[in-house]
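Biologist: Hi! I'm new to this one, could you walk me through it?
Modeller: Happy to, let's have a look together.

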Amino acid sequence: MKALRGLRALTTLSSKTQKPHLTSNLLYRFYAAQPQQQDHSTTTNSLEDHEDDDAVFDSSQFALPNMGTSPVPDQPTWDREYRAKADRTIFGEETQKQKSEEDERKRRAIVLAKALLEAALQKPDEEDDMPVKEEDQRSLSVGIIGAPNAGKSSLTNHVVGTKVAAVSRKTNTTTHEVLGVMTKGNTQICFFDTPGLMLKSSGYPYSDMRARVESAWSSVGLYDVLIVIFDVHRHLSRPDSRVVRLIERMGAQAHPKQKRVLCMNKVDLVEKKKDLLKVADEFKDLPGYERYFMISGLKGSGVKDLTQFLMEQAFKRPWDEDPFTMSEEVMKNISLEVVRERLLDHVHQEIPYGIDHRLIDWKELRDGSLRIEQHLITPKQSQRKILVGKKGSKIGRIGIEANEELRSIFKRDVHLILQVRVK
């Protein structure tokens with residue numbers, strides 16, 4: 001019997017010692033920290049593919065909220081009248097909160113009734129959406145020139161009512177002529193935002209970015225009205241002789257076929273408004289300017305008076321653009337400008353100016369959304385790495401912000417693809 005008991009004990013002990021061994025093998029198989037052996041060539045190729053993936057932003061990889069949806073606020077589940085009756089039964093009278101809510105509802109009802117009555121008594125306004133006969137149409141072309149960072153693009157965007165040109169604190173943001181169209185009543189005004197211009201001490205234009213500058217100068221005489229704009233805040237704090245020479249040259253003599261106006265921009269930054277009169281006196285003797293305006297293209301101050309003046313200068317001739325639909329060419333330019341603005345915001349020094357920015361593909365899909373593919377071509381591999389960022393963080397941020405803004409401008413879903421390549 002003793003031998004039989006000893007044999008059973010040994011059997012039980014051996015079975016217990018085998019379980020941890022099986023468990024350790026199982027844990028080793030699933031949680032071992034040692035790397036698995038794999039082909040080195042396969043690993044190298046996968047890393048290269050991953051780097052290429054980082055250089056491409058695809059908006060379809062990010063969850064974006066649906067257009068036009070908003071969370072529905074929670075509503076009380078009880079009946080207000082039943083709740084008021086219960087409060088009267090318990091407290092004997094209506095609470096102060098209920099009285100104030102009832103007074104507020106009555107006040108709003110009175111205000112709404114008064115507004116509806118006033119709207120009914122008013123004469124109907126002219127509908128901007130009503131078609132205008134071609135013989136009644138009036139149009140005007142307006143060119144906006146000035147030194148770099150004077151606020152030309154901000155003024156264009158404000159007047160048009162949507163973003164058509166990139167706006168940045170960096171100089172030379174606008175690299176080509178940008179068109180913005182404003183249609184009001186029977187009048188259409190086409191605004192042309194041009195690249196920044198300045199004059200050297202010799203009186204001749206700078207030779208930097210020659211093609212861009214020559215194009216801007218050659219188009220000066222093509223507009224019905226020419227707006228010369230400058231930063232009055234900077235002029236008061238740090239006067240630039242190159243800007244002064246540009247203002248004086250443009251207003252040196254009157255032009256019978258073109259009206260010119262001088263706009264003192266960024267007046268919202270000037271603390272002492274009386275200083276603006278000193279600047280106006282400085283340029284008042286220039287005969288080439290029809291009018292002087294003090295404006296803020298960013299805030300909108302004084303822009304209404306400028307717009308009214310321009311509408312009065314319009315000629316009786318057919319419109320150049322369809323006022324009801326944004327042309328595809330304009331939409332393509334807007335998509336490039338929006339991406340360029342975000343590029344200037346997130347990439348610094350000289351890199352944004354050396355990038356070749358191209359629109360590769362533009363397609364309207366069956367569901368009404370837009371597929372836009374743009375390539376950013378850098379001259380150096382080092383600049384490509386800076387633009388892409390760590391694991392594609394920088395190009396991803398640029399793409400997300402640009403995609404959201406394009407959706408709000410075009411009022412539809414946008415599938416934006418940005419790819420960074422080396423020339």
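**Starting with a helix**

Modeller: Let's begin at helix α5, where the buried residues are Lys152, Ser153, Ser154, Leu155, Thr156, Asn157, Val159 and Val160. Do keep in mind that this is a predicted model.

Biologist: How many of the residues of α5 are buried, then?
Modeller: Eight of the nine, so α5 is largely enclosed by the rest of the structure.

Biologist: And what follows α5?
Modeller: Gly161 does, and its phi is positive, near 95°.

Biologist: Which residues of α5 and α10 meet?
Modeller: From α5 you have Leu155, His158 and Val159, and in α10 they meet Val303, Leu306 and Thr307. By class, that contact has four nonpolar and two polar residues, with no charged ones.

Biologist: Why those spacings along a helix?
Modeller: An α-helix has 3.6 residues a turn, so residues three or four places apart point the same way.

Biologist: At roughly what angle do the axes of α5 and α10 cross?
Modeller: Roughly 75°, and the axes come within 11 Å. Helix α5 covers residues 152-160, while α10 covers residues 303-312. The two helices are therefore roughly perpendicular to each other.

Biologist: Let's zoom out. How many helices and strands does the protein have?
Modeller: There are 14 helices and eleven strands. The protein has 423 residues, and 38% of them count as buried.

Biologist: What share of the contacts comes from residues 24 or more positions apart?
Modeller: They make up 71% of the contacts with a separation of 6 or more.

Biologist: Changing topic: how many aromatic pairs are there?
Modeller: A search of the whole structure gives five. Take Phe230 and Phe283: their ring centres are 5.8 Å apart and their planes sit at 70°, so this pair is edge-to-face.

Biologist: Where do Phe230 and Phe283 lie along the chain?
Modeller: In distant parts of the chain, 53 residues apart. Phe230 belongs to strand β5 (residues 225-231), and Phe283 is in the loop between α9 (274-282) and β7 (289-294).

Biologist: Is Phe230 buried or exposed? And Phe283, buried or exposed?
Modeller: Phe230 counts as buried, at 1% relative accessibility. Phe283 also counts as buried, at 1%.

Biologist: How many disulfides does the structure hold?
Modeller: Zero. As for cysteines, Cys190 is buried with a relative accessible area of 5%, and Cys263 is buried with 0%.

Biologist: Back to Cys190. I see it listed with Ser141, so what else is Ser141 in contact with?
Modeller: Leaving aside neighbours within four places in sequence, Ser141 is in contact with Cys190, Phe192, Leu222, Tyr223, Asp224, Val225 and Arg317. Ser141 lies in strand β2, residues 138-146.

Biologist: Is Ser141 buried or exposed?
Modeller: Buried, with a relative accessible area of 13%.

Biologist: One last spot: which strand does Val422 lie in?
Modeller: Val422 lies in β11, which spans residues 414-422. Val422 is partly exposed, with a relative accessible area of 31%.

Biologist: Which residues is Val422 in contact with?
Modeller: Setting aside neighbours within four places in sequence, Val422 is in contact with Ile377, Thr378, Pro379, Lys380, Gln381 and Arg384. You can also look at Leu376, which is 46 residues from Val422 along the chain, with their C-alpha atoms separated by 8.4 Å.

Biologist: Great, thanks for the tour!

Definitions and conventions
Residues are numbered from 1 along each chain as its sequence is written. This is a predicted model: local features need pLDDT of at least 70, side-chain atom pairs count only at pLDDT 80 or more; totals for chains, interfaces and linings use all residues. Side-chain values use heavy atoms; hydrogens and water are left out. Axes are lines fitted to C-alpha atoms, for helices over the stretch in contact, and angles run from 0 to 180 degrees between N-to-C directions. Helices (H or I, at least four residues) and strands (E, at least two) are DSSP runs, numbered from the N terminus. Angles under 35 degrees count as roughly parallel, over 145 as roughly antiparallel, 65 to 115 as roughly perpendicular and the rest as oblique. Contact means heavy atoms within 4.5 Å. Ala, Val, Leu, Ile, Met, Phe, Trp, Tyr, Cys and Pro count as nonpolar, Asp, Glu, Lys and Arg as charged, and the others, Gly among them, as polar. A disulfide is a pair of cysteine sulfur atoms within 2.5 Å. Buried means under 20% relative accessible area, exposed over 50%, partly exposed in between (1.4 Å probe, protein chains only). Rings of Phe, Tyr and Trp (its six-membered ring) pair if their centres lie within 6.5 Å; planes under 30 degrees apart count as stacked, over 60 as edge-to-face and the rest as tilted.
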